[in-house]
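Work through the exercises below with the sequence and the model in view, and try each task before reading its solution.

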Amino acid sequence: GLTGSIPPEIGYLTNLTRLNLSGSQLTGQIPPELGNLPNLTHLFLSNNKLTGGIPPEIGNLTNLILFVLKNNQLFGEIPPEVCDLIESNNLHMGNILEGNNLINTCE
């Protein structure tokens, strides 16, 4: 039931390992400050109303094993840094593309 945007201050939670904000009414863009969470292993932002693109800083999350963005209003190309992360961590592309208008530039 969360509303509004994801505050950039979330980037201060450097010990965070899991972040699940799915199924809310979040709007706005994904803050690039999420890339400041080096211990994050699970990032769930699906089923919201997030807009804009995926910030390249998400590519810094080298410990991610689950990354779910589906069913938002995201658009644009997937940044190369995020493509590298998806490939190196064997992340499921369907969890990112489904229900968005993102262009898969990772192939």
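A residue is called buried when its relative accessible area is under 20%, exposed when the value is over 50%, and partly exposed in between. The model used in these exercises is predicted.

**Exercise 1**

Task: Determine where Gln 73 lies and whether Gln 73 is buried, partly exposed or exposed.

Solution: Begin with the place in the chain, where Gln 73 belongs to strand β7, which covers residues 73-77. Next, take the relative accessible area of Gln 73, which is 43%. Because this value falls between the cut-offs of 20% and 50%, Gln 73 is partly exposed. Then look for residues that Gln 73 contacts beyond its neighbours within four places in sequence: these are Lys 49, Leu 50, Thr 51, Gly 52 and Asn 100. Finally, consider Gln 29, which is 44 residues away from Gln 73 along the chain, while the C-alpha atoms of the two are separated by 9.7 Å.

**Exercise 2**

Task: Classify Ser 24 and Ser 88 by their accessibility, and describe the surroundings of each.

Solution: Start with Ser 24, which is found in the loop between β2 (18-20) and β3 (25-28). Its relative accessible area is 7%, and because this is under 20%, Ser 24 counts as buried. Leaving aside neighbours within four places in sequence, Ser 24 is in contact with Gly 1, Leu 2, Asn 47 and Asn 48. Now turn to Ser 88, which lies in helix α1. Here the relative accessibility is 59%, and because this is over 50%, Ser 88 counts as exposed. As a last step, compare positions: Ser 88 and Asn 20 are 68 residues apart in sequence, and their C-alpha atoms are 22 Å apart in space.

**Exercise 3**

Task: Examine the backbone angle phi of Asn 71 and of Asn 90, and locate both residues.

Solution: Recall that most residues other than glycine have a negative phi. In Asn 71, however, phi is positive, near 60 degrees, and this residue sits in the loop between β6 and β7. With a relative accessible area of 32%, Asn 71 is partly exposed. Asn 90 is likewise not a glycine, and its phi is positive at about 55 degrees. Its place is the loop between α1 (80-88) and α2 (94-97), and its relative accessibility of 68% makes Asn 90 exposed.

**Exercise 4**

Task: Find which residues gather with Glu 57 in a patch of negative charge on the surface.

Solution: The patch brings together Glu 57, Glu 81, Asp 84 and Glu 87. Locate Glu 57 in the loop between β5 (49-52) and β6 (66-68). Then check its exposure, since a residue needs over 30% relative accessible area to join a patch; Glu 57 has 32% and counts as partly exposed.

**Exercise 5**

Task: Describe Glu 33 by its place, its exposure and its contacts.

Solution: First, place Glu 33 in the loop between β3 and β4 (42-44). Second, note its relative accessible area of 27%, by which Glu 33 is partly exposed. Third, list its contacts, which are Pro 8 and Gly 11 when residues up to four places away in sequence are not counted. Lastly, Glu 33 and Ile 6, which are 27 residues apart in sequence, have C-alpha atoms 10.0 Å apart in space.

Notes: Residues are numbered from 1 along each chain as its sequence is written. This is a predicted model: local features need pLDDT of at least 70, side-chain atom pairs count only at pLDDT 80 or more; totals for chains, interfaces and linings use all residues. Side-chain values use heavy atoms; hydrogens and water are left out. Helices (H or I, at least four residues) and strands (E, at least two) are DSSP runs, numbered from the N terminus. Buried means under 20% relative accessible area, exposed over 50%, partly exposed in between (1.4 Å probe, protein chains only). Contact means heavy atoms within 4.5 Å. Patches are made of residues with over 30% relative accessible area and no salt bridge: like charges are joined within 9 Å, nonpolar side chains (Val, Leu, Ile, Met, Phe, Trp, Tyr) within 5 Å. Accessible areas come from the Shrake-Rupley method with a 1.4 Å probe; for residues, only the protein chains shown count as cover. A salt bridge is a side-chain nitrogen of Lys or Arg within 4 Å of a carboxyl oxygen of Asp or Glu. Lys and Arg count as positive and Asp and Glu as negative; His and the chain ends are not counted. The place of a charge is taken as NZ of Lys, CZ of Arg, CG of Asp or CD of Glu.
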